[in-house]
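Reader: Hello! I have just opened this model and would like a close look at a single part of it. Could you take me through how that part is packed?

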Amino acid sequence: MVETPVAATSVTAHWRRDAGEAMQRLLFHARHHDLVVMAPPTVLDGLPPNRLETLVMGCGRPLLIAPTGAPMRALDTAMVCWKETCDAARALSAAM
């Protein structure tokens with residue numbers, strides 16, 4: 001992992017640990033980034049069970065739910081949940 005974009009074969013990432021109310025901190029950071037990647041909730045980790053719904057409705061950013069142990073061939077399919085509004089059209093345009 002690297003902090004700044006380099007060759008197309010690299011992945012950029014950043015790790016952050018914050019104090020405070022977990023869901024509010026997650027929403028804050030999600031609103032300031034292009035994409036939110038989350039795993040499905042499987043264990044107790046301090047976040048509410050409805051975290052994905054809260055993020056979808058509250059962050060205004062595309063949300064990628066990364067399955068655990070998914071085969072690579074499944075990653076060529078994307079699902080778009082749509083509501084026919086100007087906001088949804090802007091969000092989809094930004095995600096693409």
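Reader: Here is the part I mean. In this predicted model, residues 24 or more positions apart account for 51% of the contacts with a separation of 6 or more. What covers the buried residues of H1, and how do the axes of H1 and H2 cross?

Author: Happy to. Let us start from the chain and then move in on the first helix.

The 51% you quote concerns contacts in the chain with a separation of 6 or more. The chain has 3 helices and 2 strands, and along the sequence they follow the pattern α-β-α-β-α. Of the 96 residues, 11% are buried.

Now to helix H1, which spans residues 22-31. Its buried residues are Met-23, Leu-27, His-29 and Ala-30. In general, an α-helix has 3.6 residues a turn, so residues three or four places apart point the same way. Your first question was about the cover over the buried residues of H1: it includes strand E1, residues 36-38, and helix H2, residues 51-58.

These elements come together again in the largest nonpolar core, which has 8 residues: Met-23, Leu-27, Ala-30, Val-36, Met-38, Leu-52, Leu-55 and Cys-59. H1, E1 and H2 each supply at least two residues of this core. The largest share, 3 residues, comes from H1.

One core member worth following is Met-38. Leaving out residues up to four places away in sequence, Met-38 touches Leu-26, Leu-47, Arg-51, Leu-52, Leu-55, Leu-63, Leu-64, Ile-65 and Ala-66. Two of those partners, Leu-52 and Leu-55, are listed in the core as well.

On to your second question, the helix pair. The axes of H1 and H2 come within 10 Å and cross at roughly 40°. The two helices are therefore oblique to each other, and their crossing is right-handed. On the H1 side, the residues that meet H2 are Met-23, Leu-26, Leu-27, Ala-30 and Arg-31; on the H2 side, they are Arg-51, Thr-54, Leu-55 and Gly-58. Sorted by class, this contact has 5 nonpolar, 2 polar and 2 charged residues.

Arg-51 deserves a pause. This residue sits in helix H2 and has a relative accessible area of 4%. The cut-off for buried is under 20%, so Arg-51 counts as buried. Which residues are around Arg-51? Setting aside neighbours within four places in sequence, Arg-51 is in contact with Met-23, Met-38, Pro-41, Val-43 and Asp-45. Met-23 and Met-38 in that list are also members of the nonpolar core.

Just ahead of that helix, in the loop between E1 and H2, you will find Pro-48. With a relative accessible area of 25%, Pro-48 is partly exposed. Pro-48 and Met-23 are 25 residues apart in sequence, and their C-alpha atoms are 7.5 Å apart in space. Met-23, for its part, is one of the buried residues of H1.

To finish, here is a place further along the chain. Trp-82 lies in the loop between strand E2, residues 63-65, and helix H3, residues 86-95. Trp-82 is partly exposed, at a relative accessible area of 47%. Apart from neighbours within four places in sequence, Trp-82 is in contact with Ala-88, Ala-89 and Leu-92. For Trp-82 and Leu-92, the separation is 10 residues in sequence and 8.6 Å from C-alpha to C-alpha.

Methods:
Residues numbered from 1 in each chain as written. Predicted model: local features only at pLDDT ≥ 70, side-chain atom pairs only at ≥ 80, totals over all residues. Heavy atoms only, no water. Buried < 20%, exposed > 50% of the residue type's maximum accessible area, 1.4 Å probe, protein only. Contact = heavy atoms within 4.5 Å. Core = buried A, V, L, I, M, F, W, Y, C linked by side-chain atoms within 4.5 Å. Axes fitted to C-alpha atoms, helices over the stretch in contact; angles between N-to-C directions. Parallel < 35°, antiparallel > 145°, perpendicular 65-115°, else oblique. Left-handed = near helix turned anticlockwise from the far one by under 90°. Nonpolar A, V, L, I, M, F, W, Y, C, P; charged D, E, K, R; others polar.
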